[in-house]
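With the model open in your viewer, please follow the stops below in order, making each selection before reading on.

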Amino acid sequence: MSAEPSPSAVPSFESRVNGCLLGGALGDSLGYAVEFDDVATIRSRFGAAGLTSFGQLDGGSHFSDDTQMTLYTVDGLVEALEWANDGVAADETACLWLAYLRWLASQGVALPASAPVPQPRWIDGQEVLRHRRHPGKACLSGLSTGEMGTKFRPVNPESKGCGTVMRSAPFGLVPHISEAAVYKLSTDAACLTHGHPSARQSAGAFSVLVHKVTAGSDVRTAAEHALSVVSALPDPAPELLGRLREALELSSTGTLLSPEELTAQLGEGWVAEEALAVGLYAVLATARAAETRSDPAAHFRQAITVALNHSGDSDSTASIAGNILGALHGEEALPSDWLEALEAPEVIRGMAQRLIAVTVG
């Protein structure tokens, strides 16, 4: 287990950025090992407690398209900020679209003739990101149209898969911009692949939550604020409002839901609002017990265990929980034995450092 920071220590911005990206990858990697297993199968493989550590996996685990797309989100933001730092205005959403098109090419999908040809960047040379790890169908099909989707000209208008929310933590890591800008960046980027309002608004709510946590808020306060942001929209998605309220209420009872109860109450996580609700519930419901021992690493382990051991989209729900926990506690709270088992941490750290360099130097 990683060394415990002193209770008075406040994570630095750099620690929160690394923690968020590495934490998301840790959750993703454990969850990816059981993504397509129901909870009965998970228990039969790993015992009554389910999958609780990398040590239970023969040969370790890989991270999935969730981490790949999260890192490409970082790269799109970095490119836009590089232009801005040089005094050149850039269309941030276009930079993100180009980044996602480069991710699409990394998955062995030919770019449509109508799409621009992006110039390669450092991230494109990282071989680990070129492996196909069950990418989301809507992400593939939305980008394959060659059209830059928008709220008013949506691609996949009926799709609200979790492919938007699972990649949106980086928007909350950009400092010195307004909350409104964070929300707009993330929702505009969601529209590049998913047209359903809940997919868009779930991504926005998640990025606002991460933004508040990175600035020093506790998670419950940040989640309640994100709920208020969605509630104030002229067209809030009712299913998102309902799932967020349920996650907040269920996590305040003092007792953990069983995996069966979790999916019955909050869903399996295959769609955006369910993935956000399950990941958020896992963080909040385990906070009290972990804080009693003043051990952020214990909080991380417990929350990720709750987030992945269920009959649903385990990698996305656990990656969302990991993003939140890393932004909350910082890199120092990530279990050291888990980090040792993580695939390609140097690539994840490399993207974190690029984001730090263009934001705070």
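Begin with three helices, H1 (13-32), H3 (65-85) and H14, each of which supplies at least two residues to the lining of the largest cavity. Keep in mind throughout that this is a predicted model.

**The largest cavity**

Select Leu 21, Gly 24, Ala 25, Asp 66, Thr 67, Thr 70, Leu 71, Met 166, Ser 319 and Asn 323, and you will have the lining of this cavity on display. The space they enclose has a volume of about 60 Å³, and the structure holds two cavities of 30 Å³ or more. Which helix gives the most to the lining of the largest cavity? That helix is H3, with four residues. If you colour the lining by class, you should find four nonpolar, five polar and one charged residues.

**The annotated binding site**

Next, select Ser 64, Asp 65, Asp 66, Asp 313, Asp 315 and Ser 316, which an unreviewed UniProt entry lists under "binding site". These residues span 253 positions in sequence, yet no two of their C-alpha atoms are more than 12.5 Å apart, so they gather at one spot. Of the listed residues, Asp 66 also belongs to the lining of the largest cavity, which links this stop to the previous selection.

**Asp 315**

Now centre the view on Asp 315, which has its place in helix H14. Is this residue buried or exposed? Asp 315 has a relative accessible area of 0%, and it is therefore buried. Showing the residues around Asp 315, with those up to four places away in sequence left out, brings up contacts with Gly 27, Asp 28, Gly 31, Tyr 32, Glu 35, Ser 64, Asp 65 and Asp 66. Among the residues that Asp 315 touches, Ser 64, Asp 65 and Asp 66 also appear in the UniProt binding-site list. Draw a distance between the side chains of Asp 315 and Ser 64, where a polar contact is found at 2.9 Å.

**Asp 313**

Step back along the chain to Asp 313, which sits in the loop between helix H13 (296-308) and helix H14 (314-329). Because its relative accessibility is 3%, Asp 313 counts as buried. Setting aside neighbours within four places in sequence, you can display its contacts by selecting Glu 35, Cys 162, Glu 268, Gly 269 and Trp 270. Glu 35 is in contact with Asp 313, and Glu 35 is also touched by Asp 315.

**The second largest cavity**

For the next stop, select Ala 205, Phe 206, Leu 209, Ala 223, Ala 226, Leu 244 and Leu 276, which line the second largest cavity. The elements that give two or more residues to this lining are helix H7 (197-214) and helix H8 (219-231), and the largest share, three residues, comes from H7. About 30 Å³ of space lies in this cavity. How many nonpolar, polar and charged residues does the lining of the second largest cavity have? It has seven nonpolar, no polar and no charged residues.

**Helix H5**

Finish at helix H5 (residues 137-144), where the buried residues to select are Ala 138, Cys 139, Leu 140, Gly 142 and Leu 143. To see what covers these buried residues, display elements including H3 and helix H4 (92-106); H3 is the helix that you met when viewing the lining of the largest cavity. Last, move just past H5 to Gly 146, and inspect its backbone, which takes a positive phi of about 80 degrees.

Note on methods
Residues are numbered from 1 along each chain as its sequence is written. This is a predicted model: local features need pLDDT of at least 70, side-chain atom pairs count only at pLDDT 80 or more; totals for chains, interfaces and linings use all residues. Side-chain values use heavy atoms; hydrogens and water are left out. UniProt positions are given in the numbering used here, feature names are shortened, and annotations may be inferred rather than shown by experiment. On a 1 Å grid over the protein atoms alone, a cavity is a set of points where a 1.4 Å probe fits but cannot get out, and a pocket is an open set with protein on both sides within 12 Å along at least five of seven lines; lining residues have an atom within 4 Å of a point. Buried means under 20% relative accessible area, exposed over 50%, partly exposed in between (1.4 Å probe, protein chains only). Contact means heavy atoms within 4.5 Å. A polar contact is a pair of N or O atoms within 3.5 Å; within protein, one must be able to donate a hydrogen and the other to accept it, and residues adjacent in sequence count only if both atoms are side-chain atoms. Grid points are joined across faces, edges and corners, and a volume is the space filled by probe spheres set on the points. Ala, Val, Leu, Ile, Met, Phe, Trp, Tyr, Cys and Pro count as nonpolar, Asp, Glu, Lys and Arg as charged, and the others, Gly among them, as polar.
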